[in-house]
Structures are given as C-alpha cells and as structure tokens.
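Biologist: Please take one part of this model and examine it closely, setting out its position and its surroundings in a connected account. I should then like to hear how the chains meet.

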Amino acid sequence: MNKEYRIQRYGHIRQGRISLNGIPRFESNETDFSIFIKSAYKNFDTQYPKFFKMDSLSKLALIASDVLLENENEKNIALALSNRAASLDTDRRHQKTIQDIENPFASPAVFVYTLPNICLGEISIRHRLFSENSFFIFDRFNADSLFEYANSLLANQKSEKVICGWMEFDQGKYDAFLYVVAKNGIFAHSIEEINRLYLTP
Amino acid sequence: MTDLKEELKAKIIEQLNLEDVAIEEIADKDPLFGEGLGLDSIDALELIVMLDKDYGIKLADPKEGRAIFESVETMASYISEHRK
C-alpha cells in the first residue's frame, strides 16, 4: 500500500465542452444535453448504435470513457465512479410511465437504467473490460475515497489501471470527470492533485 | 395490412431508438432480431409492451413472441388477427 501511483490522463465533460488533459476535444453552445451529447457522438464519428438506447447518464459515461481510452491498449482496467444523483433522472422517467393508473405501461428500456452502476456496464461492454467495477454515491466529489480505493485496487493487483471519477447527470445538468491511475503517469496521484484536476478542466 | 406494416416500422424505429434506420430500409420480411435489425432482449420486451399498449394484445406466453416478432410481416399478421 506504500507504492506511489500516478495519474496518466484526465478528461472532463462540462458546460458544453469535452476536454482531455485540459485540451478541448469538442465544444458546443448547445444547452440541451441530449442534442449536445448526440453532436459529440457524431463529431467523434462513434459507430455504436446502442448509444441511442442509453439513458443520459450512460451516454455521458460512454462519451467520456471513449475520449479517455481512445489510445489505450490495456484491458485490465478497473472502474471506480461516483456521483450524487445516482440514477434519479431515469428513476423519474420510469416513475412517470407507471404513475398513470389508467395507463401504467412501464418501459423496459427505461427501467433497465434505473441503477447508476449500469453506466459502468456500458463502459465495460464498449471497451471490453472484465475487471472490478464500483459505483459510489457521495454528497459531493470525494477525492479522498477515490484515492484510497484506487490505491487499494492497484496494490492488491486487482487491475493494472483504474479509471476513477465523477459522473453526474440530473435534470439536464451534467458534470463528468474521469482520470486514469496507473504505475506511470504525468500527474501525481494525490488527493490534492485529484481535486486540482477536477476543478480545472 | 400495408398501412399497418408501415405503422409498425415507424413505431419500431421511434420506440426502440433506431437512430440510423429509415422506414424504407426495413423490408417486410427482414428478421427483426439477430442479423436483421439487431434488436436485443430489452427490445423484445418493448415490443411486448407495444402490443399491449397500442393494440390491446396481451401475450399470455412470452415464448409466443419468438414467432410473432420474427419480422414486420409476422407482427402485422398477428396484430390483424388479435387486435381489440
């Protein structure tokens, strides 16, 4: 547990901007999330029709992970994501479909996304990752916990790398931050650095 | 029957979020699952709900779906016989 790990790279999707290591990869003035994320999908020429069946949280996670992993060859990568709203946005959509007593038709395609960790499954399927994954619910971005968890996974050889971060979506508001922790990297893996990277897209 | 098939194609595209598929690209006899439109098990559940919600048809045995959802043609034929 005393080994020092490093952050290889980080990415953000925030306020119409998608960036990798602080460098913009896609920018848009579109304020509607569904239009914005679809534009990003088309801009990156992503060929993955299942994207259109996903809920907003998974769409956000998929695009964020695509940008982060575009030149990644390692497949033994664990996932440790977190947010505050869990899957509340999709939970509300599901509730709307069942609360009409006269016409209570739940949509299976909506219902399957009523857990926040489903977005981890979508990332794993897309990038063929078979390693550990966890989704935590925190009141706010919690660098301390992610730091400890990533260190533990790597020290116990559960994976070669860990993708950590914050994947928040609720009522059209979104904030995605992912970073890769490994044995080598250009940024220090420390609580201070994680917080700095989170705050400086 | 032709109108029903076109209606079904539009509903399948809209309700199953087949973003890059146009109505004219779906032939009446194209398989909906597997190598056809590539629908999955969740899509199958959506189609069962659609039969109930839009045509008043409840499938007593979900296994019936395999034959009913083989293509737009088989769906249209089943709906024509059983709709309420």
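Modeller: A:Phe51 lies in the loop that joins α1 (33-43) to α2 (56-68) of chain A. The model is a predicted one, and what follows is computed from it. With a relative accessible area of 1%, A:Phe51 falls under the 20% limit and therefore counts as buried. Leaving aside residues up to four places away in sequence, the residues that A:Phe51 touches are A:Ile37, A:Lys38, A:Tyr41, A:Lys59, A:Leu62 and A:Ile63. One of these contacts, A:Leu62, stands 11 residues from A:Phe51 along the chain, and the C-alpha atoms of the two are 7.9 Å apart.

From this loop residue I turn to the meeting of the chains. Chain B contributes 12 residues to the contact and chain A contributes 11 residues. Accessible area lost when parts come together is often used to state the size of an interface. Here chain B and chain A bury about 1000 Å² between them, and 59% of that area is on carbon and sulfur atoms. The interface of chain B and chain A also holds 2 salt bridges. In a salt bridge between A:Lys53 and B:Asp43, the side chains meet with an N to O distance of 3.0 Å. Polar contact is found for 5 residue pairs across the interface, both residues of each pair being at pLDDT 80 or more. As for the classes of residue, the side of chain B that touches chain A comprises 6 charged, 5 nonpolar and 1 polar residues.

How values were computed:
Residues are numbered from 1 along each chain as its sequence is written. Chains are lettered from A and ligands numbered from 1 in the order in which they are written. This is a predicted model: local features need pLDDT of at least 70, side-chain atom pairs count only at pLDDT 80 or more; totals for chains, interfaces and linings use all residues. Side-chain values use heavy atoms; hydrogens and water are left out. Contact means heavy atoms within 4.5 Å. Buried area is the accessible area (1.4 Å probe) that two parts lose on being put together, summed over both. A salt bridge is a side-chain nitrogen of Lys or Arg within 4 Å of a carboxyl oxygen of Asp or Glu. A polar contact is a pair of N or O atoms within 3.5 Å; within protein, one must be able to donate a hydrogen and the other to accept it, and residues adjacent in sequence count only if both atoms are side-chain atoms. Ala, Val, Leu, Ile, Met, Phe, Trp, Tyr, Cys and Pro count as nonpolar, Asp, Glu, Lys and Arg as charged, and the others, Gly among them, as polar. Helices (H or I, at least four residues) and strands (E, at least two) are DSSP runs, numbered from the N terminus. Buried means under 20% relative accessible area, exposed over 50%, partly exposed in between (1.4 Å probe, protein chains only).
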